[in-house]
Amino acid sequence: LRYEHELSEPSHFLHSSFPSQQLCCVCVCVCVCVCEQNPQTRAQLEALLASRRLDELRSRLCSRMSFGTAGLRAPMGAGFSRINDLTVIQSTQGLYSYLCRCFPDVSSRGLVVGFDTRGQEESGCSSQRLARLTAAVMLSKDIPVRLFSSYVPTPYVPYAVRKFGAAAGVMITASHNPKEDNGYKVYWCNGAQISSPHDKEILRSIEEQLEPWSASCWEEELAGHCSLRTDPLQEVNSSYMEELNSLCFHRDLNASSPLKFVHSSFHGVGHVFVQQAFRTFGFAPPIPVPEQRDPDPNFSSVRCPNPEEGEAVLELSLRLAERENATVVLATDPDADRLAVAEQSGGCWKVFSGNELAALLGWWMFFNWRESHPEPADAQSVYMLATTVSSKILQAFARIEGFHFEETLPGFKWIGKRMHELAKTGNLMLFAFEESIGFLCGSLVPDKDGVSAAAVVAELAAYLHSRNLTLNQQLHNIYQTYGYHVSKTSYVICNDPPTIQKIFSRIRNFDGEGSYPKTCGGHNVLHVRDVTTGYDSSQPDHRSVLPVTKSSQMITFTLQNGVVATLRTSGTEPKIKYYSELCAALGNSDMAGLQEELQSVTQALLDDFLEPDRNNLIRRFV
C-alpha cells in the first residue's frame, strides 16, 4: 500500500520491469525512498533505481555498517552501508536504547556530541548536520545533550565525557580517511571508545528499530532551541588547556627557545587548538601552513589527508619551514588526534615514523617522571602501553627502567579500556601509542591526542636544542642505550572482501591444511599468533593471550632472526597492512645492515604471503 501511495506509477511497473529475483533489492530501495527525508540522498537512490544499477543498489542497501577500530566509518551517500542522515538517526536510536538499559540515570547524565569539518555537497551530509541530527534524536527522548557549537578535535569528546560524567559521547568524524568518507565514533562513560560487548549490543539495538521514531528525529533545528541542549565548548577548552599544564616541564626554557616550528592542520580542526596548546606551554604559536590552515572538506592541497603518508603529503609544510628557517614541522590530521613530525638537519628532512616518535616521547615522559620520582621502587606503579603491531621499544625501556609494559590489540579503544582499568587499581599510565602516529602523553584523555602531543614534541625539541642535540640525534642515543629497533610499516589496498578472505585462508593452510608458513625470507618461523582464530603456538595451550577478534584478520610471525611481522586488515579502510620490526641486541649498531635484513624479510612477507600481482592488490602510492 505504501509503495502504491508513494510511487508515481503503480506497483505492477515493478513486476513488469524487473526479474523476480531483483524485486527484493528494488522494494528495499523503494522503502528507503519512502522514509528518507534528505532530498539529496533520496534522489541518489531514485537515480540508481531509474538507471537499473542494481549491483550498486545492492551494495548500498543489502548490508549495514559495523563498528571497526574507530566506530562506524563509510562513504557519505544514500544507503544502509553509507553514512547519511538516516543511518545516523538509526545509529543514535540504537545507542539511546542501549544506554537506557545500561544507565538508569541516563536522563541526567546525558550525551556529549562533537564534529569535525567534513562535508559533501552531493549528499547534503556534513559532520555538523549529522551531529545536530544525533542531538535531535536524544533530545526527542528528553536526554540532555552537550553539543559543541563548533568543530573540535576528536580528543575533546572523550575529555568532555569524563569531565561531565556523561553516559557516552559521539564524535562525527572520519579522521584521516579520504574526503568521501565520514564516521560515527562512540565513547563509553569512561571516555574510552566502545569495545566488545558494547559495540555488538549497540548494533543489535540499531537493527531492532530502523524506522525513525518521529519527525523530531529529522529536526536539525531542535538542537538550536531545545533547553536540554547546552554548548560545552568554552568550558571544555579552558579546562583542557589548564590540565595540559601537567605535561609541561620546562616552561621557562620554552619561552626563551630560538626554535621555530611550522604546523599544518591538513584542512581540518587543528589550527586554533594547537596554537592555544603552544601558548599554554609558553611558546610563541607555530607558523601555520596558509594553504592548509582553514577547514576545507575537499582537502584541496593534498592527495591524501593523512600525514602518516610522510614527505609526499608534507611538501607544503617542508617548503614553508625552509623559507622560514624553521627546524621542526608538526602536522595534525584533519580531526587532530594524530601527529606527524619532521626535523631539518644538515639540509635534509627526517620524517619520523610513529615508532620512532614513540621512542622519543616514551623516553621523554619517563625522563621527566623520574626527575620527581628518584626511588626505583616508584616505577612499580607506572605503565606504558602500545598496540601489538607497534614497536617493542617501550618493552626495552621497561626491562631496564623497571616499569610495566603491556600490549593491546590494534586500535586505541583497547588502550583506553586498559588505561581505565589501571587507574581503578591506583596505577599510572604514563605513555601509550600506536604506530600509526597516534600518541597519548599522560592520562589527560583516554584516546590518542595530536594537540597535546604537538606541544610535548615542541618542548622536547626545545630541551634537546638547549643541549645541542636534535631529535634524530637523541633517537640514536636512545637506541644506543636500549637497543636498535628498526621497523617497516606499509599496506596494500584490496577493495574485494572475498580476495582478502582467500589470502588469509591460504596463509592458514600454506604448507597443508591447518599449517602456517614455516619460513619467511629464508628464516625459520618460530611462532605464529592468529588473533582471528585464537591460535598462538608460543603458548603452552596454543591459545592467544590477546582477545580473539573474529571480525578482522590478523596473523603475527616471530622469526628466528628476531623479526616480528604482522599482517592485518584495517578497521577503517580497505587495506591489508603489514608491519615488521627487527629488535637488535645491545651493542649492534649496524643500522644499514639491520635495515637490509628487515627489508629482505618484509619483501618476502609481501610477495610470498600476500601475492599482490596475483591478487590484484594496489600498492601504496606515496
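Two strands are taken to pair if DSSP finds at least two bridges between them, and with that in mind the reader can begin near the end of the chain, in what is a predicted model. Here strand β19, residues 519-520, and strand β20, residues 523-530, pair in the antiparallel sense over 2 bridges, and in β20 the bridge partner of Cys 520 is His 523. The two strands form a hairpin with 2 residues between them, and in that turn Gly 521 has a positive phi of about 60°.

Strand β20 has further partners. It pairs with strand β21, residues 535-536, in the antiparallel sense over 2 bridges, and these two strands again form a hairpin, now with 4 residues between them, where Gly 534 in the turn has a positive phi of about 85°. Strand β22, residues 554-559, also runs antiparallel to β20, to which 5 bridges join it. Arg 529 is a useful residue to follow here, for its bridge partner in β21 is Asp 536, while in β22 it stands opposite Thr 556.

Earlier in the chain, the UniProt record, in an unreviewed entry, lists residues 65-209, 239-346 and 354-482 for "domain: Alpha-D-phosphohexomutase alpha/beta/alpha". Over residues 239-346 the chain of the model is 34% helix and 17% strand, with the end C-alpha atoms 40 Å apart. Over residues 354-482 the chain is 54% helix and 17% strand, and there the end C-alpha atoms are 18 Å apart.

Within the stretch 239-346 listed by UniProt, two residues in loops repay a closer look. Lys 260 lies in the loop between helix α13, residues 251-256, and strand β9, residues 261-264. Is Lys 260 buried or partly exposed? Because its relative accessibility is 33%, and partly exposed covers the range between under 20% for buried and over 50% for exposed, Lys 260 counts as partly exposed. Leaving aside residues up to four places away in sequence, Lys 260 touches Ile 287, Glu 324, Asn 325, Ala 326, Thr 327 and Val 328, and its side chain reaches the backbone oxygen of Glu 324 at 2.6 Å. From Lys 260 to Gly 346 there are 86 residues in sequence, and their C-alpha atoms are 16 Å apart in space.

The other residue, Asp 333, lies in the loop between strand β11, residues 328-332, and strand β12, residues 339-345. With a relative accessibility of 0%, Asp 333 counts as buried. Its contacts, again not counting residues up to four places away in sequence, are with Ser 175, His 176, Ser 265, Pro 305, Pro 307 and Arg 338. For Arg 338 there is a further detail, since its backbone nitrogen lies 3.2 Å from a polar atom of the side chain of Asp 333.

The stretch 354-482 listed by UniProt leads to a sheet. This open sheet of 4 strands has the order β15-β14-β16-β17, with mixed pairing. Strands β15, residues 404-408, and β17, residues 438-441, stand at the edges with a single partner strand each, so one side of each is left without a neighbour in the sheet. Neighbouring strands of this sheet are turned by 20° against each other on average, direction ignored. Strand β14, residues 382-387, and strand β16, residues 428-434, pair in the parallel sense over 5 bridges, and Leu 385 stands opposite Ala 432 in β16. Helix α17, residues 354-372, packs on the sheet, where it touches β14, β16 and β17, and its direction makes about 170° with that of β16.

Note on methods
Residues numbered from 1 in each chain as written. Predicted model: local features only at pLDDT ≥ 70, side-chain atom pairs only at ≥ 80, totals over all residues. Heavy atoms only, no water. Axes fitted to C-alpha atoms, helices over the stretch in contact; angles between N-to-C directions. Contact = heavy atoms within 4.5 Å. Buried < 20%, exposed > 50% of the residue type's maximum accessible area, 1.4 Å probe, protein only. Polar contact = N/O pair within 3.5 Å; in protein donor to acceptor, adjacent residues only side chain to side chain. UniProt positions renumbered as here; feature names shortened; annotations may be inferred.
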